[in-house]
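Hi there,

Here is the structure I promised to pass on to you. Have a look at it first, and then read my notes below.

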Amino acid sequence: MVLPLSSPQPSPIWPGLPFTSRNLLAPMEGVTDPVFRSLVLARQTPEVLGGTYTEFLRVLDRPRQPIEIERMLGPRTPGAPVGIQLMGADLDALGGSARNAVELGVPLIDLNFGCPAKGALRGCAGAAQLKDPAGLERVVASVVRAVDGAVPVTAKIRAGYDHADDVEDLARAAEAGGAAMLTVHARTRAEGYSPGVDWTRIARAVSAVSIPVCGNGDVDTHAKLRTIRDETGCAFAMVGRGALGNPWIFSGESVSATEQARFLSDYVDAMCREGAAIQGAAARVKQLIKHWTLGVLIPDEETRLELMREKDGEVLLTRIAGLVQLVRD
Ligand SMILES: Cc1cc2nc3c(=O)[nH]c(=O)nc-3n(C[C@H](O)[C@H](O)[C@H](O)COP(=O)(O)O)c2cc1C
């Protein structure tokens, strides 16, 4: 069954664009590059997938230059709802980067307050900012000021740093800073990506603010896009790893093995056209194979593990082509 997870109204985060869906593809470093994003967006309608983001762009002590921002954005499809995600702690550098992005026509700026990587934490960026709601508010407010209403600014947090006791404070801080929407990944920084997620933390954020909240964490089936809304009251739902395992999760349609295979081969072809070496393309395909939940192409764990173990990129891609041939026959 295809659930109507869309509203007749345009989405509040893409004013002027006809993307009515409240389902979003999560930013994922090393995954949601321009190639993956466009393959997914091209296979979903604006009524089932309402937008996505670049991987995070780390901002240190100087504004990111247009050429660096262009690299994150990649070749652009006019009207495609792709916001840029910035992560940093230097207010001037973040503001300057946001302005440069706006000048390049980026329709939305998202701020990352969830990255648990050591490099980010050392620079007091990403999840480190969850320890200081007032500081988080300052970051949001300064970027909102820098773009001066030209585009919406959104924020993406985890439920907390070591614990989730302050999720309401964090949500209020993002709202007070002027965020147009707040995404809550229901895990804390300490919980990393561990299995099991507590969506009541999203519900608490929803109750604390009046801006739209986007719920995130373990939405790994189409049905859960509805469940997370029903259980938490969130207005948007964001899918991360679930979309690696099933790029059609947003529509919930069942997809033939041939169509699945086409996705993987289009992915490899597009990466190679963009200049990726065969080993790089193979590593990216492995990320999808690791999560792939559409059983027809990868019928069992044994096949999955064999593919994951393959070190030679050429061999891996030939083996995938073999699987494709098998299901075609
Ligand atoms: C490989 C990988 C890279 C990620 N990179 C980012 C990122 O660049 N920015 C961000 O805000 N979150 C990032 N995340 C977190 C996801 O956006 C999402 O919040 C998290 O995976 C939980 O959602 P899920 O359970 O649906 O995967 C990343 C997650 C993964 C697995």
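What follows is a walk through what turned up, starting with the domains and ending with a few single residues.

Before anything else, keep in mind that this is a predicted model.

**The two domains**

The chain splits into domain 1, residues 23-245, and domain 2, residues 257-328. Their C-alpha centres sit 29 Å apart. Where they touch, domain 1 puts in 7 residues and domain 2 puts in 11 residues. On the domain 1 side, helix H1 (34-43) and helix H9 (241-245) are the elements that give two or more residues to this contact.

Let's stay with H1 for a moment. Its buried residues are Pro 34, Val 35, Phe 36, Arg 37, Val 40 and Leu 41. What lies over them? The cover includes strand E1 (23-25), strand E2 (52-59), helix H2 (66-73), strand E3 (82-88), H9 and helix H10 (257-273).

Val 35 is a good residue to click on, and it belongs to H1. It counts as buried because it has 22 C-beta neighbours inside 10 Å, and the cut-off for buried is 20 or more. Setting aside neighbours within four places in sequence, Val 35 is in contact with Tyr 267, Ala 270, Met 271 and Glu 274. Try Val 268 as well: 233 residues separate it from Val 35 along the chain, yet their C-alpha atoms are 9.4 Å apart.

**The core**

Now for the inside. The largest nonpolar core has 92 residues, and the ones that touch the most other members are Ile 109, Val 140, Val 143, Ala 174 and Leu 182. Helix H5 (133-147) supplies the largest share of this core, 6 residues. Where does the core lie with respect to domain 1 and domain 2? Both domains give residues to the core, so it lies between them.

Ala 174 from that list is worth a second look. Leaving out residues up to four places away in sequence, Ala 174 touches Leu 136, Val 140, Ala 155, Ile 157, Ala 179 and Leu 182. Ala 174 is also one of the buried residues of helix H6 (residues 167-177), along with Val 167, Leu 170, Ala 171, Ala 173, Glu 175 and Gly 177. Those buried residues pack against H5, strand E5 (153-158), strand E6 (181-185) and helix H7 (200-208). Just after H6 you will find Gly 178, with a positive phi of about 105 degrees.

In the loop between E5 and H6 sits Tyr 161. Is Tyr 161 buried or partly exposed? It has 19 C-beta neighbours inside 10 Å, so it counts as partly exposed. Not counting neighbours within four places in sequence, Tyr 161 is in contact with Ala 127, Leu 130, Lys 131, Thr 188 and Arg 189. Ala 127 is 34 residues from Tyr 161 in sequence, and the C-alpha to C-alpha distance between them is 6.5 Å.

**A pair of helices in domain 2**

Next, find helix H11 (residues 278-291) and helix H12 (residues 301-309), whose axes come within 10 Å and cross at roughly 160 degrees. Which way do H11 and H12 run relative to each other? An angle over 145 degrees counts as roughly antiparallel, and H11 and H12 are therefore roughly antiparallel to each other. Their crossing is left-handed. The residues that meet are Lys 286, Ile 289 and Lys 290 from H11, and Arg 304, Leu 307 and Met 308 from H12.

Further along is Leu 323, in helix H13 (residues 313-328). Leu 323 counts as buried because it has 20 C-beta neighbours inside 10 Å. Its C-alpha atom is 8.0 Å from that of Ile 298, which is 25 residues away along the chain.

**Two residues with positive phi**

Two more for you to check, neither of them glycine. Cys 124 has a positive phi, near 55 degrees, and sits in the loop between helix H4 (118-122) and H5. With 14 other C-beta atoms within 10 Å, Cys 124 is partly exposed.

Asp 218 has a positive phi too, near 60 degrees. You will find Asp 218 in the loop between strand E7 (213-216) and helix H8 (222-232). Asp 218 counts as buried, as it has 20 C-beta neighbours inside 10 Å.

Have fun exploring!

Terms used: Residues numbered from 1 in each chain as written. Predicted model: local features only at pLDDT ≥ 70, side-chain atom pairs only at ≥ 80, totals over all residues. Buried ≥ 20, exposed ≤ 12 C-beta atoms within 10 Å, placed from the backbone. Helix = DSSP H or I, 4+ residues; strand = E, 2+ residues; numbered from the N terminus. Contact = placed C-beta atoms within 7 Å. Core = buried A, V, L, I, M, F, W, Y, C linked by C-beta atoms within 7 Å. Domains from an automatic or database assignment. Axes fitted to C-alpha atoms, helices over the stretch in contact; angles between N-to-C directions. Parallel < 35°, antiparallel > 145°, perpendicular 65-115°, else oblique. Left-handed = near helix turned anticlockwise from the far one by under 90°.
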